[in-house]
Amino acid sequence: MADAAVKEKTIDANAANAEQELTDGFNVVIDALKLNGIKTIYGVPGIPITDFGRMAQAAGIRVISFRHEQNAGNAAAIAGFLTKKPGVCLTVSAPGFLNGLTALAHATTNCFPMILISGSSEREVVDLQQGDYEEMDQLAIAKPLCKAAFRVLHAADIGIGVARAIRAAVSGRPGGVYLDLPAKLFGQVMGAEAGKKSLVKVIDAAPAQIPAPDAVKRALDVLKGAKRPLIILGKGAAYAQADDAIRSLVEKSGVPFLPMSMGKGLLPDTHPQCAGAARSTVLKDSDVVMLIGARLNWLLSHGKGKTWGEAPKKFIQIDIEPKEMDSNVEIAAPVVGDIGSCVKALLDGMGGNWSKPPADWVSAVSQKREENVAKMAPRLMNNNVPMDYHGALGVLRTIVKERPDAILVNEGANTLDLARGIIDMYQPRKRLDVGTWGVMGVGMGYAIAAAIETGKPVLAVEGDSAFGFSGMEVETICRYKLPVCVVIFNNDGIYRGTDVNSASSDPATTVFVKGSRYDKMMEAFGGVGVNATNPDELRRAVNAAMDSGKPTLINAVIDPAAGSESGRIGNLNPQSKLKKK
Ligand SMILES: Cc1ncc(C[n+]2csc(CCOP(=O)(O)OP(=O)(O)O)c2C)c(N)n1
Ligand SMILES: [Mg+2]
C-alpha cells in the first residue's frame, strides 16, 4: 500500500476511535435512566426532545407517545403509584411543560412518585427575556407545585441530576419532581469514559423508616383501651405494597376497617370486618381510629364535625411524614415511619394473645353493613331502560367480581361516587381514580399506564364529561393495542343531562349533545365500539372486551335525569344567602 493511503487509513481509524470515545447529553440521560431501572417514558415529542425520544426507544426504553401531555403525565403519575418507582413524563418546553404540570401537581398532592422531564429553551435568552422559542422560566414555575425541582446545565452533571430526581420522588413521602433539561444540554459532547463515570446508581432510593418503639407501644396502648375501634386504610397503605402485613394486622386486631377509595381491595370489600357499607356509623360511633396511610383531609371531613359524631375520639396515625400529624386534629398516638415497617412493628408488639374488640361493637357494625347491602341489592338488579346508574353498575360489579385481577379506572361525579360504593374490589391497587383533588381527566392516561405497567386488562368507567378531558387518547389505546375497555356512562352531561338555560338559546352549561355516540370515536381508530342501551347488552359487551383484550369503547346510555348535582359532594357548592333570582 502506498504511504499516503496508509496514512489516510490511520487518520480515519483515529477519528473513528475518537468518535467512539465520545458521548453526548442525549446518551448520558438515557444511560442514567436505564442504570436506575427506568423502563418506560410517557410523553409527547417536539423540540427539543424528539430525537431524545427516538434514541431512548432505540436504546430499549419503552416510549409511549400520547396526544396531550396531561394524559402522559397522569400515566406517569399512576405508573409511580403502581410500581413504587418514579413514573417519567417527557415534554417539550413552555406549552408542553405547562400541559404536564397539572399532572405533576396532582402526583404531588396524591403522593405518587413522578418525574416530569421537560426540555427548555436557551438559558441566556430566557433569563434576559429576549423572546426565545417557547421562552419560559420553567424551573421557577414548577417549584411550588412539586416536591423538588432541578435543572442540569452540564452533561457531566446529568448523572447526579437524574439521581437526585429519583431519590426525591420516591423517598419519604413520595411526590412529583421536575427535571429541567435545556436544549443545549442534549447536544453537549463529553468523553465516553467520563460520561460513564458520571452516572450515579441510586442505592436504596426509599430507605425503610423504622418507627420508634415507644411510639409503637403508645399506639397499641391506645388501641387496647378502645371500646369501638376503627381502622382506616388510605391509598398510602396501598402504595406501600405491605399487603400481607396489613391484612394480618387488621385480622389479628379484629377491628372493623374502612377503606378509602384507592385503599379498596387491600382486604376484599366482602371481608367480614369491612365496614365500607357502614361508613357513616363507624365514623360517628367509633372511639379510637387508627389511620394507616390515610390523611384527615376533606375526604375525611378533617377529622371533626358532624360526620364524626359527638363522642370523643382518639386518633392513632401511621404516616411516613411527621408534618402530617396534628394537621387537623390532635393525634393521640403518632407513628412515623414507612407503612410496611410500622405495621410490622405493631404486629410484633401485639404479641400472641391480643384481645379482639368488644363483641357488641363488631356486631353493631356488621348489622348496619348487612342492612345497607340488603337495601342496595334489588336496585342493582333493575332492568330499567334507559339504564340508571344502579342497573348499569350492578352489571359491572358482577364482572369485577368474576375478574378480580382486572384494573378499574374510575372518574366522573355520579359515575365516580356510585361506582366507588357499588363495585367491590378484591385485590390491592386495582382501583385507580380521581384522588385527593377529584380531578377530571385522569381516565385514559391511567388506563394506558395501568395496562402497560401491569399487563392486566383495564376497565375504565367514565362519566361522559370526565371522559372528554382525555378522550383523544383512545387513538393511543388503539395504536398500542392495549387491553382497555372504556365504559362511558352517557347521561348527556355533567351530573345530569336535563338542565335548561332559560335566558337564551345557548344550551345550559352542564349539558352536551343529546344522544351522542362516543362508541364511534373508538371505531374511528380501528377499535371496537358498542352502543349499550340495557344491562344485558352492557354485560355482553364488557365481557367480550375483557375476553378479547381488544380496545373497546361502550357507550352506556344512562337516563339523563338519573344523576344528582356534584354526585355525593353537592354540599360543597357555595350557596348565597340572598334568595335565588
Ligand atoms: C379538572 C376538573 N375540571 C372540572 C371539574 C368539575 N367536575 C367535577 S365532576 C365533573 C364531571 C361530571 O360529569 P360526568 O363525568 O359526566 O359524571 P356524571 O355525574 O354525569 O355521571 C366536572 C366537570 C373537576 N373535578 N376537575
Ligand atoms: Mg355525565
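In the predicted model, the buried residues of helix H15 are Ile339, Gly340, Ser341, Cys342, Val343, Leu346, Leu347 and Met350. The cover over these buried positions of H15 includes three helices, H11 (213-224), H12 (235-239) and H13 (243-253), together with the strands S11 (288-292), S12 (314-319) and S13 (333-336). Helix H15 comprises the 12 residues 339-350, for which a rise of 1.5 Å a residue predicts a span of 16 Å, and because its end C-alpha atoms are 16 Å apart, the model agrees with that expectation. The residue that follows H15 is Gly351, whose phi is positive, near 65°.

Helix H17, with 14 residues (389-402), likewise reaches 20 Å from its first C-alpha to its last, close to the 20 Å expected at 1.5 Å a residue. This helix is mostly covered, 10 of its 14 residues being buried; the buried set runs through Tyr389, His390, Gly391, Ala392, Leu393, Gly394, Val395 and Leu396, and is completed by Ile399 and Val400. Among the elements that cover these buried residues of H17 are helices H16 (359-380), H18 and H23 (535-548), as well as strands S16 (458-463) and S17 (484-490). At the start of H17, the backbone nitrogen of His390 has a side-chain oxygen of Asp388 within 3.2 Å.

Tyr389, one of the buried residues of H17, is also among the closest of the 17 residues that surround ligand 1, a group that further includes Asn414, Thr415, Gly438 and Asp464. A polar side-chain atom of Tyr389 is placed 2.7 Å from an oxygen atom of the ligand. Backbone atoms also take part in such pairs: a polar backbone atom of Ala413 lies 3.2 Å from an oxygen atom of ligand 1, and a backbone N or O atom of Ser465 is 3.0 Å from an oxygen atom of ligand 1. Of the 580 Å² of accessible area that ligand 1 has on its own, 76% is covered by the protein. Two or more residues of the shell are given by each of helices H18 (414-422) and H20 (464-468), with H20 supplying the largest share, three residues. By class, the shell is made up of eight nonpolar, eight polar and one charged residues.

Beyond H20, Ser470 is located in the loop that leads from H20 to helix H21 (474-479). Ser470 counts as buried because its relative accessibility is 2%, and, with residues up to four places away in sequence left aside, Ser470 touches Asn71, Glu411, Gly441, Gly443 and Met444.

Methods. Residues numbered from 1 in each chain as written. Chains lettered and ligands numbered in written order. Predicted model: local features only at pLDDT ≥ 70, side-chain atom pairs only at ≥ 80, totals over all residues. Heavy atoms only, no water. Near = heavy atom within 4 Å. Polar contact = N/O pair within 3.5 Å; in protein donor to acceptor, adjacent residues only side chain to side chain. Areas by Shrake-Rupley, 256 points an atom, 1.4 Å probe, with all protein chains shown as cover. Helix = DSSP H or I, 4+ residues; strand = E, 2+ residues; numbered from the N terminus. Nonpolar A, V, L, I, M, F, W, Y, C, P; charged D, E, K, R; others polar. Buried < 20%, exposed > 50% of the residue type's maximum accessible area, 1.4 Å probe, protein only. Contact = heavy atoms within 4.5 Å. Expected span 1.5 Å × (residues − 1).
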